[in-house]
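Me: I have a new structure open and would like to learn how to read it. Could you walk me through it one feature at a time?

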Amino acid sequence: MEYQTRGVPPFGASRLLYTAARESMGGIELALRRISELAQGETGTVRVTTGATTVRHFMSEAVVEFRFRHPRVSLEFHTDSSSSGCFAALAKEDLDLAWITISKPVRGIEQRPVMDLPWVLAMRTGEIYADRAWVSVEELSGLRLIRLPGGSSSGSTLDAALTKSGVSLRPDAGIADWDTALLLAELGVGHAIVPALPGHPLYGDGLVRLVPLRGLSPLKVGWAVRKWDALSPFARSFADAVTRNCRARATRIDPAVI
């Protein structure tokens with residue numbers, strides 16, 4: 001009766017209590033693991049959830065650096081197909097870090113942007129726009145694009161941006177993740193819009209061309225954790241290494257282009 005007099009349905013109150021209890025239990029589990037790691041000294045495990053291609057493009061140098069600095073600390077990766085899946089795994093499992101596409105606030109999760117990834121148009125040398133310094137989003141009308149999966153965070157973000165821009169596209173030339181989309185573009189299957197990944201040179205000197213795309217806001221990527229203050233020194237060290245290496249290898253595009 002007390003809940004009813006306050007205008008809060010019993011079911012809603014129960015759900016709030018359950019959510020709070022679950023988050024508290026997750027924090028307790030992490031704290032117990034931190035205590036165990038401290039007792040063991042320079043040992044432990046850093047658990048990361050991320051997309052299937054993230055380790056290659058964003059974390060490879062950091063993994064080598066971290067293993068050199070902390071040889072007795074294990075790195076454990078759990079892959080997921082979308083940022084929403086990473087959020088869910090982070091909230092309910094014993095994970096330290098998630099590398100995600102930065103999104104709207106998520107209850108019980110802290111997000112920390114690391115870098116902005118400008119969009120580029122990928123195509124085979126000799127295709128339309130391959131010799132351009134940049135391409136505007138309006139010029140995409142009429143192209144057959146290799147699309148990113150709609151269920152992925154980057155794919156849904158891109159689809160929303162293209163719809164907002166009023167771009168009218170021909171039927172898809174396929175649906176693929178970032179790496180496969182680049183390969184298909186190189187093989188001449190179609191054009192692909194992908195983020196400018198760290199270390200990938202613009203334009204290039206091979207069969208695939210990457211031309212800056214004007215008119216789309218960059219894709220924000222970075223870290224998500226349950227609570228930054230509760231991270232172990234090892235998890236913080238790995239997160240810092242990834243951040244530092246990513247920013248050092250970021251693709252530089254003239255701001256006038258985007």
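Me: Happy to start small. Is Phe66 buried or exposed?

Reply: Phe66 is buried, because its relative accessibility is 2% and buried means under 20%. Do keep in mind that this is a predicted model.

Me: Which ring does Phe66 pair with, and how do I read the geometry of that pair?

Reply: For two rings, look at the distance between centres and the angle between planes; planes over 60 degrees apart count as edge-to-face. Here the partner is Phe238: the ring centres are 5.6 Å apart and the planes stand at 80°, so this pair is edge-to-face. Phe66 belongs to helix α3 and Phe238 to helix α7 (residues 233-248), so the pair ties together parts that are 172 residues apart in sequence. Phe238 is buried as well, with a relative accessibility of 0%.

Me: How many aromatic pairs does the structure hold?

Reply: There are six aromatic pairs. One of them joins Phe58 and Trp178, with 6.3 Å from centre to centre and 65° between the planes, which is again edge-to-face. That pair links distant parts of the chain, since Phe58 sits in helix α3 (residues 54-69) and Trp178 in helix α6 (residues 178-186), 120 residues apart. Phe58 counts as buried at 1% relative accessibility, and Trp178 counts as buried at 12%.

Me: Which residues form the aromatic cluster?

Reply: One cluster is made of Phe58, Phe66, Phe77, Trp99, Trp178, Trp223 and Phe238. You have now met several of its members, including Phe66 and Phe238.

Me: What lies over the faces of Trp228 and Trp134?

Reply: An arginine in each case. Arg112 lies over the face of Trp228, at 3.9 Å from the ring centre. Arg214 does so over Trp134, at 3.5 Å from the ring centre.

Me: Let's turn to the strands. How should I read a sheet?

Reply: The general idea is that strands of a sheet pair through backbone hydrogen bonds, either parallel or antiparallel. In this structure, five strands form an open sheet with mixed pairing, in the order β2-β1-β3-β11-β4. The strands at its edges are β2 (73-79) and β4 (110-117); each has a single partner strand, so one side of each is left without a neighbour in the sheet. From one strand to the next, the twist averages 20°.

Me: How many bridges join β4 to β11?

Reply: Seven bridges join β4 to β11 (residues 219-225), and these strands run antiparallel. To find your place along them, look for Gln111 opposite Ala224 and for Asp116, whose bridge partner is Lys220. On β11 you can also find the pairing with β3, which is antiparallel too and has four bridges. There, Ile100 stands opposite Gly222. β11 is mostly covered, with six of its seven residues buried.

Me: Which helix lies across these strands?

Reply: Helix α4 (residues 83-92) lies across β1 (44-50), β3 (97-101), β4 and β11. Its direction is at about 155° to β3.

Me: What should I look for along a helix such as α5?

Reply: In general, an α-helix has 3.6 residues a turn, so residues three or four places apart point the same way. For α5 (residues 153-165), begin with the length: at 1.5 Å a residue, its 13 residues should span 18 Å, and the end C-alpha atoms are 18 Å apart, which agrees. Then look at burial: Ser153, Ser154, Gly155, Leu158 and Leu162 are buried in this helix. Just after α5, Gly166 takes a positive phi of about 75°.

Me: Which residue other than glycine has a positive phi, near 80°?

Reply: Tyr129 has that value. You will find Tyr129 in the loop between β5 (119-124) and β6 (135-136). At 14% relative accessibility, Tyr129 counts as buried.

Me: To finish, how many helices and strands does the whole chain have?

Reply: The protein chain has seven helices and eleven strands. Of its 258 residues, 45% are buried. Among the contacts with a separation of 6 or more, 79% come from residues 24 or more positions apart.

How values were computed
Residues numbered from 1 in each chain as written. Predicted model: local features only at pLDDT ≥ 70, side-chain atom pairs only at ≥ 80, totals over all residues. Heavy atoms only, no water. Phe/Tyr/Trp six-rings, centres within 6.5 Å; stacked < 30°, edge-to-face > 60°. Helix = DSSP H or I, 4+ residues; strand = E, 2+ residues; numbered from the N terminus. Buried < 20%, exposed > 50% of the residue type's maximum accessible area, 1.4 Å probe, protein only. Lys NZ or Arg CZ within 6 Å of the ring centre and 35° of its normal. Pairing = 2+ DSSP bridges. Axes fitted to C-alpha atoms, helices over the stretch in contact; angles between N-to-C directions. Contact = heavy atoms within 4.5 Å. Expected span 1.5 Å × (residues − 1).
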